[in-house]
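Reader: I'd like a close look at one part of this model, and then how the rest fits around it. Here is what I have open.

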There are 2 protein chains.
Amino acid sequence: MKVKRLGISTGGTFVVLMNEDDAASLMMRKGDRVLLVKKDNSSVDAILDLSSGMLKKGQIGLFEEVYSALGVRNGEDIRVFPSEKPASLDYIRRKLEGKELSREEIRQIVNDITNNRLLDMEIAYFVSACYSNRMTLRETLYLTEAMISTGDTLKINRKVVADKHCIGGVAGNRTTMVIVPIVSSLGIVIPKTSSRAITSPAGTADTVEVLTHVDFSIKKLVNFIEKSNAFMVWGGSVNLAPADDKIIRVERPLSIDSEGQLLASILAKKKSVSSTHVLIDIPLGRGAKIESRIKAVRLKRKFEVLGKLLGMKIRCIITDGSQPIGNGIGPALEARDVLWLFERDDRRPLDLEEKGLMMSAHLINMTKNVSFKQALKMAQDSLESGKARDKFLEILKNQGAKITKSSQIKLAKFKSFVKAEKTGRVVGINNRVISLIARSAGAPFDKKAGIYLFKKKLDSVSEGDVLYEIFAESPSKLKYAEELASQNSGYTIR
Amino acid sequence: MKVKRLGISTGGTFVVLMNEDDAASLMMRKGDRVLLVKKDNSSVDAILDLSSGMLKKGQIGLFEEVYSALGVRNGEDIRVFPSEKPASLDYIRRKLEGKELSREEIRQIVNDITNNRLLDMEIAYFVSACYSNRMTLRETLYLTEAMISTGDTLKINRKVVADKHCIGGVAGNRTTMVIVPIVSSLGIVIPKTSSRAITSPAGTADTVEVLTHVDFSIKKLVNFIEKSNAFMVWGGSVNLAPADDKIIRVERPLSIDSEGQLLASILAKKKSVSSTHVLIDIPLGRGAKIESRIKAVRLKRKFEVLGKLLGMKIRCIITDGSQPIGNGIGPALEARDVLWLFERDDRRPLDLEEKGLMMSAHLINMTKNVSFKQALKMAQDSLESGKARDKFLEILKNQGAKITKSSQIKLAKFKSFVKAEKTGRVVGINNRVISLIARSAGAPFDKKAGIYLFKKKLDSVSEGDVLYEIFAESPSKLKYAEELASQNSGYTIR
């Protein structure tokens, strides 16, 4: 058949188009698998989709992914053979029917996802099978292993490699940027990869990026560890557990969050960078990701058991998720909070400092032969002596620092105050509402946009007091955020 | 944004492409819903997909469905607004979580499927939710009602409207073409829509099409009923329960067959043509669609209960599915069997005749005030007197007959005999294997291709006796079918 380049990408999956008559005469249907063979006998697997009218008889339409993988020219002749459906589709159906999958079956499914052999629709069946019929702990272990083995890994040859993760949902919660400098200043290796925002106004990678670069090759990361024991980069820049991103993409339309998938995703990424001791922060509270204590405790247990099976020491802490951490929300505003903290500026957010110290102490206690109390003292000393600050600047510099002082941070120029409508005490600040307002103001895409909180939980306020300030890059975005805030400020005052 | 026509169809769903930067600055992500507004303020809803590199800043790529629905020109300016995700996505997630859905929720989901507002991936979540968490009988009822109300209906103002359906899996089982003429010759209205083959070597619509046309408007169908009490057409030519086809398309990759979906699909199509008395044939046997008696009985019960709730009298019969019915398999070969039967030719397949008479008798017994024995006599009289044949020819003529005599049937010219490898008795003929061989020979796309069986179950055979003849339009297809038959003839001889 003659290649027709379609000039459109599918976002991953290898798909080709054929006209309906050609497909009928080849007895092939939408979703069938085909093998495309070039004259030199090199070949690529793809999935067939049908088109009516657009393609001439004998033409085969190639989406960009296939076009470049096969390396053909427009109009070139290729041979097309029907090929077998991947066995992973059978395994997925069996999981849908409620059966438990074996290590090999899960490995095959993850492998096919990684290699773009499944349609989004087919991955959706896998996700929903795991969601409706729950994954067993054993299946979750296999999923984690499969995710690790289908991606790149960062080999660090040390007995102790520390790491931390927060399961998210709390605005402004930039503990990573506090913990990594403190811990690594004490000689502990901590190779930290972080994500960008998906539904929040800033991911750790977005905030770090205000100050330095976050996108590096595995080789560079090894350098950073050798030189400074630590880095803070964007996980997406390295190919760790790539199946995970593809699964998350499919979970998005329904906002599904399957527990097995969450556990596997986090643990695979930690194991892929050779972590041995991992601290996991599970914020609990209204508007956070986990809103029930039972769920938090169940998650904690599963993390710990799976960690053991994977040869990692895991400690989970359930923390207060009932309000944002720090005062800035949005990349630049959060980066300023962190710089103030290391600069020991009076404006530094004490709740972020306290949480960062506490979590650092946990990691020190897990990895060194010291009590928690001693560990906390070590963390405090590092911060107060300036050792942590020096380490922070060293990490920024390794990664090509852009900004190193809080005074260099610029914020968006359209601003507006949101004020208290009554007098009383702040009893809660809903993370989800605050995040939505900050996003409406432009964060994380506009790095200088966001929110700065003047009042936190338990503060007394009088009617008319400023609760927070909104920053936006344009009057229209500011207005949009203001409108949302006027409907619901996110603050509960009693 | 400026319209760019992509020239590719999605197969239904309304999808637009945007470049990643544009989407980011609008805070939109893959799968988000957008409203496209033309200068004249007419608008269309669509789902956003992202593209890297292919689209310039400010361009929006329209797949054919959207392009023609919106009615724009290439390069035209349109406005793009974010819009809400359909509420049906929430309902689908709730079903995935194991909750029972309400009538209104199911109606909304089916409505969104019908109107191309959901991605295949999102429909897949619905299918798997119904599959893993089973639909309750109430949900199945709601699904049926929703499928009916989102499609066209054929209003027939009679107290009794007969209909029949076979849940399939048996090769050559063309009872419809026997029953419809017999029953309608006795004054019973029977508006019969049939499907084309999906995985079989011929659907009833494919076989009828050898003799006459099968593609008509609702208006024409009303005419046929007024004139002759009956028609035999392709269901796809009218827009009955259109959501069903879209759901089936998504079920295909995993060969999922959800019971609730099967029940709703069949009953919606019957109710849509005003049927009041429906006979359902559930063939049971190895290689048929239903292989276990427990399953067959459970299905029978559900059909009967749902029928009552929908105001239809339903009778289910569990029939022998352990071998093909009739001798011809493939459109032309099956059509010849049926013509022989009405012509009272000695070569007519007696098993098809017997089954057709028995099922006709059930329908007569259900709709007229006569015993089953009397009903059977009436059916036999109609067939033997030539009344049924006249009715058959009348129906063919109404629909624009192409062939009316068995002698006019032409078969494919490349032929080959498959012979018995041992002496004994035929104890079974696997429908699935026979269907696969007939399909490999070219059926149903090559109408003249297929298989003609010389031996049926319980026949004695000697080594070397002809079991069946394969017909194909080309030597290569014949060879392909022969190879399959040599691996497994489909016959069990003991």
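Which residues touch the most other members of the largest nonpolar core? Take that core as the starting point, then walk me over to the contact between the chains and on to the open sheet in chain B.

Author: Sure. Keep in mind that this is a predicted model. The largest nonpolar core has 314 residues, and the ones touching the most other members are A:Val16, A:Ala441 and A:Ile470, together with B:Val16, B:Ala441 and B:Ile470.

Let's zoom in on A:Ala441. Leaving aside residues up to four places away in sequence, A:Ala441 touches A:Ala449, A:Gly450 and A:Ile451. A:Ala441 also touches A:Ile470, A:Phe471 and A:Ala472, plus A:Lys477, A:Leu478 and A:Ala481. One of those partners, A:Ile470, is itself on the list of residues that touch the most other core members.

Now for the place where the chains meet. Chain A puts 39 residues into the contact and chain B puts in 38. On the chain A side, the elements giving two or more residues are α1 (20–25), β4 (43–51), α3 (87–96), α5 (120–132) and α10 (242–251). α5(A) gives the most, with nine residues. By type, the chain A side splits into 21 nonpolar, eleven polar and seven charged residues.

As for symmetry, chain A superposes on chain B with a rotation of 179° and 0.1 Å of shift along the axis, at an RMSD of 0.1 Å. The two copies are therefore related as by a two-fold rotation axis. If you want to find that axis on screen, go to A:Met121: of the residues of chain A, its C-alpha comes closest to the axis, at 1.9 Å. And because 97% of the interface residues of chain A are also interface residues in chain B, the copies meet through the same surface.

Last stop, the sheet in chain B. Three strands make up this open sheet, in the order β7-β10-β11, and they pair in parallel. β7 (162–166) and β11 (313–320) of chain B are the edge strands, each pairing on one side only. Ignoring direction, neighbouring strands are turned by 20° against each other on average. β7(B) pairs with β10 (residues 277–284) of chain B over five bridges, in the parallel sense. To pin down that pairing, start at B:Ala162, whose bridge partner in β10(B) is B:His277. Then look for helix α12 (residues 293–309) of chain B, which lies across β10 and β11 of chain B and runs at about 165° to β11(B).

Conventions:
Residues numbered from 1 in each chain as written. Chains lettered and ligands numbered in written order. Predicted model: local features only at pLDDT ≥ 70, side-chain atom pairs only at ≥ 80, totals over all residues. Core = buried A, V, L, I, M, F, W, Y, C linked by C-beta atoms within 7 Å. Buried ≥ 20, exposed ≤ 12 C-beta atoms within 10 Å, placed from the backbone. Contact = placed C-beta atoms within 7 Å. Helix = DSSP H or I, 4+ residues; strand = E, 2+ residues; numbered from the N terminus. Nonpolar A, V, L, I, M, F, W, Y, C, P; charged D, E, K, R; others polar. Least-squares fit on C-alpha atoms with pLDDT ≥ 70 in both. Pairing = 2+ DSSP bridges. Axes fitted to C-alpha atoms, helices over the stretch in contact; angles between N-to-C directions.
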